[in-house]
Amino acid sequence: MTPPLAVDIDGTLTDEERALYPPVLPVLREWDAPVVLATGKAVPYPVALCEFAGVERTVVAENGGVAFVHATDDLLFLGDRQAAQNVVDEYVETGHDLGWGSHDLINRWRKTEVAVSRDAPLEPLQRIAADHGLEVVDTGFAYHVKSPDVSKGAALREVADRLDRDPEEFVAVGDSINDVSTFEVAGRSFAVANADEPARAAADEVLDAAYGEGFLEAVERVR
Ligand SMILES: O=C(O)COP(=O)(O)O
Ligand SMILES: [Mg+2]
């Protein structure tokens with residue numbers, strides 16, 4: 001039987017420049033079991049990707065802070081934006097900038113965490129987050145200020161429950177530290193070749209291929 005998938009977006013369904021890798025699209029569309037896009041991005045991004053890929057909208061966004069399950073019409077908020085906002089407000093007050101320009105489309109639709117550009121200094125952000133009982137996760141694409149209780153894996157459990165699936169049934173594919181919790185929850189996990197050290201260490205299998213090609217290799221191994 002085809003297992004359900006939990007798939008990261010950046011670094012896993014993209015090329016090295018973060019552009020979507022088109023050959024993954026028919027695979028997602030034709031997958032004969034639920035596909036959960038599990039990302040650090042805000043909700044509109046994975047929802048739009050589902051729409052354009054022609055797959056049902058089942059997403060984990062904001063590193064597990066938000067989940068949407070079309071099949072059961074559930075929208076879950078599992079984190080607290082204000083707590084993260086307090087951290088970045090303090091960071092900005094001390095003279096730093098989030099690095100997204102004046103309109104900040106990165107955080108505009110974010111409900112449960114705040115993302116900061118990797119061009120901004122990390123150490124003061126980590127210090128302020130720790131003072132507030134929060135953490136900073138570096139996905140390789142952005143710094144995410146979030147509650148340590150929020151994770152893609154915890155949200156995947158919620159989604160699996162609503163899909164009437166055991167989280168163990170899932171096959172997970174990802175590339176970075178924010179996928180480690182997904183790897184722990186899923187029954188089988190793959191890190192693409194470009195994955196960071198924590199993801200490589202947590203995955204059951206490290207793939208030979210990188211980025212979108214790595215995802216396609218994982219699919220071949222599962223089949
Ligand atoms: O938004 C990020 O920083 C990373 O996104 P991803 O979880 O889809 O790789
Ligand atoms: Mg990623």
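Where does ligand 1 lie with respect to domain 1 and domain 2?

1. In this predicted model, ligand 1 lies between the two domains, because domain 1 (5-78 + 150-222) and domain 2 (81-146) both give residues to the shell around it.

2. The residues that surround ligand 1 are D8, I9, D10, G11, T39, G40, K41, T139, F141, A142, S176 and N178. Sorted by class, this shell has three nonpolar, six polar and three charged residues.

3. D8, one of the residues around ligand 1, deserves a separate comment, since the unreviewed UniProt entry places the feature "active site" at D8. In the chain, D8 lies in the loop between β1 (5-7) and α1 (24-30). D8 counts as buried because it has 28 C-beta neighbours inside 10 Å, where 20 or more are required.

4. When residues up to four places away in sequence are not counted, D8 touches A38, T39, V173, G174, D175 and D179. Of these contacts, T39 is also listed among the residues that surround ligand 1.

5. R57 is found in another loop, the one between α2 (44-53) and β3 (58-61), and R57 counts as partly exposed because it has 16 C-beta neighbours inside 10 Å, a number between the limits of 12 for exposed and 20 for buried. Leaving aside neighbours within four places in sequence, R57 is in contact with V47, C50, F68 and H70.

6. As a last point on R57, its C-alpha atom is separated by 33 Å from that of Q126, a residue 69 places away along the chain.

Note on methods
Residues numbered from 1 in each chain as written. Chains lettered and ligands numbered in written order. Predicted model: local features only at pLDDT ≥ 70, side-chain atom pairs only at ≥ 80, totals over all residues. UniProt positions renumbered as here; feature names shortened; annotations may be inferred. Helix = DSSP H or I, 4+ residues; strand = E, 2+ residues; numbered from the N terminus. Contact = placed C-beta atoms within 7 Å. Near = placed C-beta within 6 Å. Nonpolar A, V, L, I, M, F, W, Y, C, P; charged D, E, K, R; others polar. Domains from an automatic or database assignment.
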